[in-house]
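Got a minute to go over some labels and ask where they come from? Here is the model we'll be talking about.

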Amino acid sequence: MIRMTIGIVCKEALMGRITEYYHATSLEDAFAKAQQLRPAAAYVGGGVELILRRNPEITTLIDLSRCGLDYITASREGIEIGSQTTLTTVSRNADIKKYAGGSLAWWTGRIAQNNLRDMITVGGVIGRNQPWNDVVPHLVALGAQVRLFDGAERIMPLAGYIEAKQPGVIIKGILLPAGNAGSSGFLWRFTRTLQDISTLHFSALVSSDGKFMTAANLVFAGRPGHAALYPRLSEGLVGKSLSHETFARVAEMAPDVVEVGSDLRATGEFRRELVRAAILNLEEHMTGVAQ
Ligand SMILES: Cc1cc2nc3c(=O)[nH]c(=O)nc-3n(C[C@H](O)[C@H](O)[C@H](O)COP(=O)(O)OP(=O)(O)OC[C@H]3O[C@@H](n4cnc5c(N)ncnc54)[C@H](O)[C@@H]3O)c2cc1C
């Protein structure tokens with residue numbers, strides 16, 4: 001009992017005590033509150049990460065659940081997903097199941113575990129973006145744009161946003177561009193169990209005319225570094241035939257292009273082998289032939 005109390009006290013001291021839980025009623029209200037309290041305030045998505053770990057300076061949580069951010073809409077521009085939408089909702093949406101072969105719907109219904117997926121939000125995964133996160137690199141591969149609110153709305157590529165995050169800015173939602181809907185989305189994560197986090201994550205979006213590849217986005221994460229796009233590997237595929245020779249060439253060069261390293265989970269050498277395996281798995285996905 002004493003040990004448990006000490007544990008709780010230590011954790012509170014480490015994370016800081018929350019003294020206010022503020023229910024924002026609009027984006028304007030949430031942003032104004034955050035500006036007033038910076039850096040002592042944080043927006044709440046599903047709260048999964050904020051409960052486990054948060055900056056000790058944070059004393060106020062700003063709840064966004066009344067700001068109208070729980071939506072999925074399809075339009076001529078593409079599919080827009082509000083930042084308060086949970087992974088479970090994303091995984092069950094009929095339009096997302098059809099988008100780029102349904103890779104996003106499939107994986108948002110499988111990573112972590114079911115009761116966590118009911119809580120984890122799109123805004124929360126982007127807001128935290130752990131290096132081993134699976135959703136962010138997949139969205140980057142799909143060419144997602146992020147819609148932000150900082151007093152006014154603006155939109156930018158998610159790939160650019162995660163490079164230079166802007167504290168205090170509200171993630172309103174993401175847009176999956178209509179132009180990529182017919183391409184093929186692919187995700188491969190190397191884990192010891194299905195519920196484990198990725199030792200290496202690989203996501204791709206490939207367009208083809210059936211014989212030749214016409215566009216490709218290749219993203220690695222959990223290297224153990226953050227999600228990064230690899231245009232040099234994409235160049236190895238674009239304009240080339242959908243053949244074993246093409247993928248074998250890219251698999252050969254990929255371990256020298258993707259920056260991997262060692263951590264408690266795996267050595268850099270092991271990750272280099274995983275990089276090669278990731279490309280061969282993409283080949284199998286694109287050609288239907290296992291190597
Ligand atoms: C046991 C466990 C297993 C997991 N396994 C996986 C896995 O396999 N794959 C995977 O990808 N992830 C996994 N996750 C990680 C999970 O995706 C992250 O913890 C995610 O950040 C939680 O989302 P949330 O909505 O609960 O975030 P929150 O805890 O609510 O927020 C996270 C951060 O984002 C900020 N934020 C939230 N919403 C917004 C917004 N709209 N605008 C601006 N900032 C915002 C918050 O202020 C905070 O800094 C796992 C987590 C746990 C606990």
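What follows is a run of short questions and answers about the labels used for this model.

Q: Before the labels, what kind of model is this, and which cut-offs apply?
A: It's a predicted model, where local features need pLDDT of at least 70, side-chain atom pairs count only at pLDDT 80 or more, and totals for chains, interfaces and linings use all residues. Residues are numbered from 1 along each chain as its sequence is written.

Q: What makes a residue part of the shell around the ligand?
A: Its C-beta atom, placed from the backbone, has to lie within 6 Å of the molecule. 29 residues surround the ligand, and the closest are G45, G46, G123, G124 and G127.

Q: Which helices and strands each supply at least two residues of that shell?
A: Those are β2 (41–44), α3 (48–52), α8 (122–128) and β8 (170–177). The largest share, five residues, comes from α8. The names are DSSP runs numbered from the N terminus: helices are H or I with at least four residues, strands are E with at least two.

Q: How many residues of the shell fall in each class?
A: The shell has 17 nonpolar, nine polar and three charged residues. Here Ala, Val, Leu, Ile, Met, Phe, Trp, Tyr, Cys and Pro count as nonpolar, Asp, Glu, Lys and Arg as charged, and the others, Gly among them, as polar.

Q: Why is the shell around the ligand said to lie between two domains?
A: Domain 1 (2–63) and domain 2 (72–180) both give residues to the shell, so it lies between them. The protein also has domain 3 (184–287), and the centres of domain 1 and domain 3, taken over C-alpha atoms, are 37 Å apart. The bounds come from an automatic or database domain assignment.

Q: How do you know that the span of α13 agrees with what a helix of 20 residues should have?
A: The expected span is 1.5 Å times one less than the number of residues. For the 20 residues of α13 (residues 268–287) that should be 28 Å, and the end C-alpha atoms are 29 Å apart, so the two agree. After α13 comes G288, with a positive phi near 80 degrees.

Q: Is A100 buried or exposed, and why?
A: Buried means 20 or more other C-beta atoms within 10 Å of the residue's own, exposed means 12 or fewer, and partly exposed is in between, with C-beta atoms placed from the backbone. A100 has 23 such neighbours, so it counts as buried. A100 sits in the loop between α5 (94–98) and α6 (103–108), and its phi, near 50 degrees, is positive in a residue other than glycine.

Q: Why is A112 called partly exposed?
A: A112 has 19 other C-beta atoms within 10 Å, so it gets the partly exposed label. A112 isn't a glycine either, yet its phi is positive at about 55 degrees.

Q: What makes T199 partly exposed, and which residues is T199 in contact with?
A: T199 has 19 C-beta neighbours inside 10 Å, so it counts as partly exposed. Contact means C-beta atoms, placed from the backbone, within 7 Å. Leaving aside neighbours within four places in sequence, T199 is in contact with F190, T191, G222, R265, A266 and L274.

Q: What is the omega of the cis peptide bond that joins R38 and P39?
A: It is about 0 degrees. Another cis peptide bond joins R223 and P224, with omega about 20 degrees.

Note on methods:
Two residues are in contact if their C-beta atoms, placed from the backbone, lie within 7 Å.
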